[in-house]
Amino acid sequence: AAMAARCRLAARFHHIHGTNIRLDASHTQATRVESFANGLCFSQEPLAPGQIFLVEIEEKELGWCGHLRVGLTAHDPQSLEVVPEYSLPDLVNMGDTWVFAITRNHNRVVVEGEEVQARGQPWEPFLLIERVRIPRDTLVGRSRPSRYSHILDDLYKMNVLPATARRSRIGVLYAPQPDGTADMHIVINGEDMGPSARGLPTTRPLYAVIDVFASTKSVRVIPVDYGFPSLQTLCRLVIQKHIVHRLAIDGLDLPPLLKNFCQHE
């Protein structure tokens, strides 16, 4: 219960952020209101080992080059005299920070002699990252209900859309290693991109870094519940399995709240 409460608390943005960021009242939505920079955000709390900080891209802005940047930092946001303009290179140059621009072929650190793990099948219910086990359903982006929802949802599940497409879900976590350090993993629509940084210190608190940069305009934090999927989630999976697309949910004899959850969550 304590872990669940901590995860929920961390699934918000810190009140310290870039000068062009506006947070909503719940501190779960971050929108860059001007320019293309000064969009740096942090998790409200440091992450626990294996805890993913997951965001969904809600809005894009045409005319800028570059995309969302994600990572971890050992700097407490409260300790920053000034929030840097950019995560790359400004925050990274401060040290103890590991941030990468999101791309399909993500930076991956492979140790000599190490075999690259084959990705799990998109229909497997859990994503396994070393000892971390996360329900995959929450990690995968979902389109808005429309005639083509079923097609788009399959594309999100297969992770073949651009990594920074609207509705994509991108998360970051760290996995402790036997030598006392940690590996940082970035997850895109339920697929682990592999270790993107190694040797992170586990003796210091690590905060998630989300840089709402350039063509990414607005993101929202998605809370992740660990363990078994909820009954509500299992009901949604069964319903979706037996319909052509989400518009058909309107005609089902279901409680309104469950309909809304099946269509939009």
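This report describes the fold, strand pairing, helices and selected loop residues of a predicted protein model.

## Overall composition

The predicted model holds six helices and 13 strands. The protein has 265 residues, and 48% of them count as buried. Its accessible surface comes to about 13,200 Å², and carbon and sulfur atoms contribute 56% of that area.

Contacts between distant parts of the sequence are well represented: when contacts with a separation of 6 or more are taken, residues 24 or more positions apart account for 69% of them.

## Strands β1, β2 and β13

Strand β1, which covers residues 21–23, runs antiparallel to strand β2, residues 29–32, and three bridges join the two. Within this pairing, Ile 21 stands opposite Arg 32 of β2. The two strands form a hairpin with five residues between them, and in this hairpin His 27 takes a positive phi near 60°.

Strand β2 also pairs with strand β13, residues 216–221, again in the antiparallel sense and over three bridges. Here Thr 31 has Ser 218 in β13 as its bridge partner.

## Strand β12 and its partners

Strand β12 spans residues 207–211, and five of its five residues are buried. In a regular strand the side chains alternate between the two faces of the sheet. In β12 both faces are covered, with Tyr 207, Val 209 and Asp 211 buried on one side, and Ala 208 and Ile 210 buried on the other.

Two strands are paired with β12 in the antiparallel sense: β3 does so over three bridges, and β5 over five bridges. In the pairing with β3, Cys 41 stands opposite Ile 210, while in the pairing with β5, Gly 71 stands opposite Val 209.

## Helices α4 and α5

In helix α4, the residues Ser 149, Asp 153 and Tyr 156 are buried. These residues lie on the same side of α4, because the arc they cover around the axis is only 55°. An α-helix has 3.6 residues a turn, so residues three or four places apart point the same way. The helix runs over residues 149–158 and also contains Leu 152, which is partly exposed, with a relative accessible area of 32%. Together with Tyr 148 and Ile 151, Leu 152 makes a nonpolar surface patch of about 280 Å². Leu 152 can be part of such a patch because its relative accessible area of 32% exceeds the 30% that patch residues must pass. After α4 comes Asn 159, whose phi is positive, near 55°.

Helix α5, residues 231–241, has Thr 233, Arg 236, Ile 239 and Gln 240 as its buried residues. They cover an arc of only 125° around the axis, and therefore lie on the same side of α5. On the other side of this helix, Leu 231 and Lys 241 are exposed.

## Loop residues and long-range neighbours

Leu 47 is found in the loop between β3 (40–42) and β4 (53–60), and it is buried, with a relative accessible area of 2%. Although Leu 47 and Pro 205 are 158 residues apart in sequence, their C-alpha atoms are 7.3 Å apart in space.

Cys 65, in the loop between β4 and β5 (69–73), counts as exposed, at 74% relative accessibility. Leaving out residues up to four places away in sequence, Cys 65 touches Phe 213 and Ala 214. Cys 65 and Thr 216 are 151 residues apart in sequence, and 9.7 Å separates their C-alpha atoms.

## Asn 38 and Asp 90

Asn 38 lies in the loop between β2 and β3. This residue counts as buried because its relative accessibility of 18% falls under the 20% cut-off. With neighbours within four places in sequence left aside, Asn 38 is in contact with Gly 18, Thr 19, Asn 20, Ile 21, Pro 84 and Glu 85.

Pro 84 and Glu 85 are also in contact with Asp 90, again leaving aside neighbours within four places in sequence. Asp 90 lies in helix α2, which covers residues 87–93, and is partly exposed, with a relative accessible area of 28%.

Notes
Residues numbered from 1 in each chain as written. Predicted model: local features only at pLDDT ≥ 70, side-chain atom pairs only at ≥ 80, totals over all residues. Heavy atoms only, no water. Patch = residues over 30% accessible without salt bridge, like charges linked within 9 Å, V, L, I, M, F, W, Y side chains within 5 Å. Areas by Shrake-Rupley, 256 points an atom, 1.4 Å probe, with all protein chains shown as cover. Salt bridge = Lys/Arg side-chain N within 4 Å of Asp/Glu carboxyl O. Helix = DSSP H or I, 4+ residues; strand = E, 2+ residues; numbered from the N terminus. Buried < 20%, exposed > 50% of the residue type's maximum accessible area, 1.4 Å probe, protein only. Contact = heavy atoms within 4.5 Å. Arc of directions from axis to C-beta. Pairing = 2+ DSSP bridges.
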